[in-house]
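This report describes two parts of a protein model for a reader who has not seen it before. The topics are an internal cavity and a sheet.

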Amino acid sequence: MKWREKEKERESNAKLFAGALTVTLFIYGLIHWRSISLSSISTSNARSLSPGDIDTSFLRPISDHDAVDVTPGEIIIDAKDPIKLNGEGEGWGGPIKQRLKVRKNNGVLQLRANSKKENPRSIKIDSPLPSTSQLNPDLLKLWDRAFNSLSTAAGEHRDAALTRLGRKRVPTGIPGTWATTESQGRDLQEYLDCVSGRGEWVYDPEGGRGAAGLTVHKYSGMFAGCDKRFYKGGKEDGDGDWNVRESLKWRWVPSGTCFKARQRRPLSRVAFCQAVGTKSLLLVGDTLQYSLHDMILDWTTTEPQTCYGDLYCKEHVMCRDILRKGNSKDKLEDWSLDERVFHHLPLPPNSQKNHLHRRSIESTESPSADHDDTGDHDHSTSSTSNKSKRAPNKVPYLRYRRSDGLEFGGKTTSPVFIHPSTGIREINMHWMAYAERNDIVVLTKPPLPLPLRGVNGTWDEWWDSAEVKPTERMVEAAWRITEDAWLPEMVDTLRTIRAQRSDQQQLVVYRGGWRSHQDCGVSFLESPEEGGGGGDEVDFAEWDSPGDGPPPHSFQPSLRKLLYGGRAGGATDVHTAFYNIQTIFQNHLVRTILAPALGIAYLDLESTLSVWRSGMLGGSAAAPFQADLGLVDQSKSGKGGIGVGLRSSASGDCLRYCIPTPGMAMEEAVLGGLLRLLERD
């Protein structure tokens, strides 16, 4: 009887094997038929292929920056909506969240993941305001209501401030510049907005555009963290001609329409110092403003000066080394004369061909060029002048004063001052007296943090209400705190600055804020991200730049991405979203309503930095970015890695940038903006 049972078992196994073989042959035939049937599809939207290649007209048209090299018999496609994946969904919503490489081999399509694709060569920037496409109608209505309400409130505060100032103290044009009339001031501001807000980021691996060299950082070590990580991560010998971080191989190219009536000039250390002359410069703001203090010192000195940090910063002499007779201007511009405190960043391969070297720079020296700094300098307040209490400088000085909220008097300057709207401590050093004695004042007022629980019971009850959607709650919270707290404080500060000086010669500049990028330290991206217009971003398949963090966005992030985080990053952190929405509101109010009425110049940093999540302090402290999909084991330090459980002061810092900044963005926006303001038309 046992042999009968064994015989039945053999027959059953044979039937199962025959069934499996039949299914396998059927699937093979189906795939073979599919590969042949592709040749019958129209090729109207596909790239030209050699005879025998597979037709791809069922795919989306490929844009310019999607272009890749195609070899005969091979095409690169994106898994988009028309392609069904295992019947479980379409495109990127299916189970295969990666690009597919399709190769024709004996009539069979072989799918391979992680195909190689060229990085985008340009990133277009056209507005500081994010796109509102794909927002639901309720959220879009709330967004419009917020802007209208804020604009109305800002106009009322502006009119009240002008009334208190009186006609004699209301400036015309932009004092401290060549723009002395209202129309000239408007033209100058539009020129600044165009140069910094309309154009494109262009990939420049040979360094043929822009300045002759990269900023040589000589001060706070944390701002050199990106380069430290890059060279420590095995990049000492370099993989190409220019051995620097990938984020430094991009250059900002303003739109050609910005230069219809003006000559386009590259950023120059010598030109900047000649334009400053003997003017003194004061920076006022939070710790983000202190990073600009380091950057300006890098550009105006060749040797490091002593500074005791943001709370104890003293005055620094600027431009003495730059304008000293005998110094080669070419070596100043390519930073050959600067002391290397941290790293020796190589010159671009095309630095000798750079147009900056061919440009003749006037040899006129500043009066400070021959000055010996060992003498005494008189910066005391003059008791005989009522118009200006500032004694003339013999050399240009840079000063920084820490003020988190731009508050300037009374209890707000107390070391233990707690902001009544947030319940969080603010550091506001005395700075208004310094502003009165300086020729150029650059200030900024950052967004307010999310209020602590218990500070305002009404706020807490509204915040916890289930009747309000989270995204709508975030927009309205940023709107209310801007209108009720930030705006009145900002207008009062600007009015007080204008009330101090009656000589109409002081240049006041408001430095616009930039957004926080919560994904500045991610080690990989799970899938393509949502672009500015609702489409998918082009991923950087070959981004290999330790210390830089992830690659930049290939589009300006839309408002939807700022609120929801996009498909790769998940929901946006509540504090990051609150900060970014305030930044958008506040920059718009200052630029369009407050600054023009009070003769204040506005420098836009939000537009050009909107795509740059690379090159931030948080990226320098995170595991190196991996272009391919997969998890990164951060416990393995390797070359330039972070040890288990170790955190640095830069960890998670997705607000401050390393120096040099990506694409020299901040150098171009701040130093280039000041240069354009100080130059003659």
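The lining of the largest cavity is made up of 8 nonpolar, 4 polar and 4 charged residues. The model is a predicted one. It holds 9 cavities of 30 Å³ or more, and the largest encloses about 150 Å³ of space. Of the 16 residues that line the largest cavity, Val195, Ser196, Glu668, Ala669 and Arg676 are the closest to its centre. Three elements each contribute at least two residues to this lining: helix 3, strand 12 and helix 17.

| Element | Residues | Residues supplied to the lining of the largest cavity |
|---|---|---|
| Helix 3 | 182–197 | at least two residues |
| Strand 12 | 601–603 | at least two residues |
| Helix 17 | 665–678 | at least two residues |

Helix 3 also belongs to the second topic, since it packs on a sheet. That open sheet consists of 3 strands in the order 4-5-6, with antiparallel pairing. Strand 4 (122–125) and strand 6 (250–254) are at the edges; each has a single partner strand, so one side of each has no neighbour in the sheet. On average, neighbouring strands of the sheet are turned by 20 degrees against each other, direction ignored.

Strand 5 covers residues 199–203 and is joined to strand 6 by 5 bridges, the two running antiparallel. Within this pair, tryptophan 201 lies opposite tryptophan 252 of strand 6. Helix 3 touches strand 4, strand 5 and strand 6, and its direction makes about 145 degrees with that of strand 6.

Conventions:
Residues numbered from 1 in each chain as written. Predicted model: local features only at pLDDT ≥ 70, side-chain atom pairs only at ≥ 80, totals over all residues. Heavy atoms only, no water. 1 Å grid on protein atoms, 1.4 Å probe; cavity = no way out; pocket = protein on both sides within 12 Å on 5 of 7 lines; lining within 4 Å. Points joined across faces, edges and corners; volume = space filled by probe spheres on them. Helix = DSSP H or I, 4+ residues; strand = E, 2+ residues; numbered from the N terminus. Nonpolar A, V, L, I, M, F, W, Y, C, P; charged D, E, K, R; others polar. Pairing = 2+ DSSP bridges. Axes fitted to C-alpha atoms, helices over the stretch in contact; angles between N-to-C directions. Contact = heavy atoms within 4.5 Å.
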